[in-house]
Amino acid sequence: MHMSIAHLSAAHLALSRKTIAAAMRALIGLLSCAILLAWPVPAPATDAGGGAAVEIRNGPRFGELDLRAPGAIELASELIVDQQRDDGTFERAQDLDRGSLKLVASCDRRPGTCVTIDERGLRPVPWSGMSCSSQCNRGCDRNFPMYGRFRFVVMSCDGRTRFEGAVFERPWPHQSTSPRGLLRRARSP
């Protein structure tokens with residue numbers, strides 16, 4: 001059997017390609033595993049007893065939310081609204097509804113200090129986005145709309161575990177009426 005040099009080179013080249021391709025696949029596999037192992041994955045928050053994680057889902061409209069847990073969990077009845085600051089950190093919005101928002105499905109209901117949620121969930125009365133007529137308080141003389149980026153927060157009944165929802169936004173109606181827009185206008189000649 002006689003092979004020409006052209007056939008020998010092609011056969012050698014094909015073998016080299018297979019060897020290189022196998023090595024590349026192995027390298028890609030190792031790099032993929034390394035990336036997946038190094039990627040930070042937030043652990044779900046659990047209550048102090050190691051029980052169910054609480055899921056806070058934003059609703060389709062501003063201020064709406066839905067709470068769920070795979071098992072029964074006791075939460076403090078207060079619904080907290082955090083507002084994002086310019087540096088990216090969050091701080092609690094103060095005195096909403098002349099005190100605090102509550103985990104209530106109806107304004108006619110007065111919750112105790114704790115509320116139980118489970119897989120059936122709880123859909124609290126939405127936050128209006130206003131400063132003092134925020135949820136169930138309808139009469140207020142110093143009411144103003146709040147704009148920016150927010151998240152809902154609830155606490156376990158014992159106060160040891162904090163559950164934070166996803167960030168949602170209420171944009172300023174016009175750039176010129178935002179605090180930054182007003183500041184730019186004030187500095188303009």
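Modeller: A salt bridge is a side-chain nitrogen of Lys or Arg within 4 Å of a carboxyl oxygen of Asp or Glu. The structure above is a predicted model, and the term is applied to its coordinates.

Colleague: How many salt bridges does a search of the whole structure find?

Modeller: The search finds 13. One of them pairs the side chains of R151 and E164, at 3.4 Å from N to O. This pair ties together parts that are 13 residues apart in sequence, because R151 lies in strand β8 (residues 148-155) and E164 in strand β9 (residues 162-164).

Colleague: Is R151 buried or exposed?

Modeller: Buried means under 20% relative accessible area. R151 has 13% relative accessibility and so counts as buried, whereas E164, at 43%, counts as partly exposed.

Colleague: Which residues do salt bridges with shared partners join into one network?

Modeller: The network consists of E55, R57, D66 and R68. Within it, the side chains of D66 and R68 meet at 3.1 Å, N to O. R57 also forms a salt bridge with E55, and there the closest N and O atoms are 4.0 Å apart.

Colleague: How should the accessibility of those four residues be read?

Modeller: Each residue is placed by its relative accessible area, with partly exposed lying between buried and exposed. D66 is buried, with a value of 9%. R68 is partly exposed at 24%, R57 is partly exposed at 34%, and E55 is likewise partly exposed, at 41%.

Colleague: Let us turn to D97. Where is its place in the chain?

Modeller: D97 belongs to the loop between β5 (90-92) and β6 (101-102). Its relative accessibility is 12%, so D97 counts as buried.

Colleague: Which residues does D97 touch, not counting residues up to four places away in sequence?

Modeller: With those neighbours left out, D97 touches S131, C132, S133, S134, Q135, C136 and N137. For S134, separation in sequence and separation in space can be set side by side: D97 and S134 are 37 residues apart in sequence, and their C-alpha atoms are 4.9 Å apart.

Colleague: Finally, how is a pocket to be described?

Modeller: One may consider its volume, its lining and the character of the lining residues. About 210 Å³ of space lies in the second largest pocket. Its lining comprises 13 residues, with L103, A105, R109, V115 and L122 nearest the centre.

Colleague: How many residues of that lining are nonpolar, polar and charged?

Modeller: The lining of the second largest pocket divides into seven nonpolar, two polar and four charged residues.

Terms used:
Residues are numbered from 1 along each chain as its sequence is written. This is a predicted model: local features need pLDDT of at least 70, side-chain atom pairs count only at pLDDT 80 or more; totals for chains, interfaces and linings use all residues. Side-chain values use heavy atoms; hydrogens and water are left out. On a 1 Å grid over the protein atoms alone, a cavity is a set of points where a 1.4 Å probe fits but cannot get out, and a pocket is an open set with protein on both sides within 12 Å along at least five of seven lines; lining residues have an atom within 4 Å of a point. Grid points are joined across faces, edges and corners, and a volume is the space filled by probe spheres set on the points. Ala, Val, Leu, Ile, Met, Phe, Trp, Tyr, Cys and Pro count as nonpolar, Asp, Glu, Lys and Arg as charged, and the others, Gly among them, as polar. Buried means under 20% relative accessible area, exposed over 50%, partly exposed in between (1.4 Å probe, protein chains only). Helices (H or I, at least four residues) and strands (E, at least two) are DSSP runs, numbered from the N terminus. Contact means heavy atoms within 4.5 Å.
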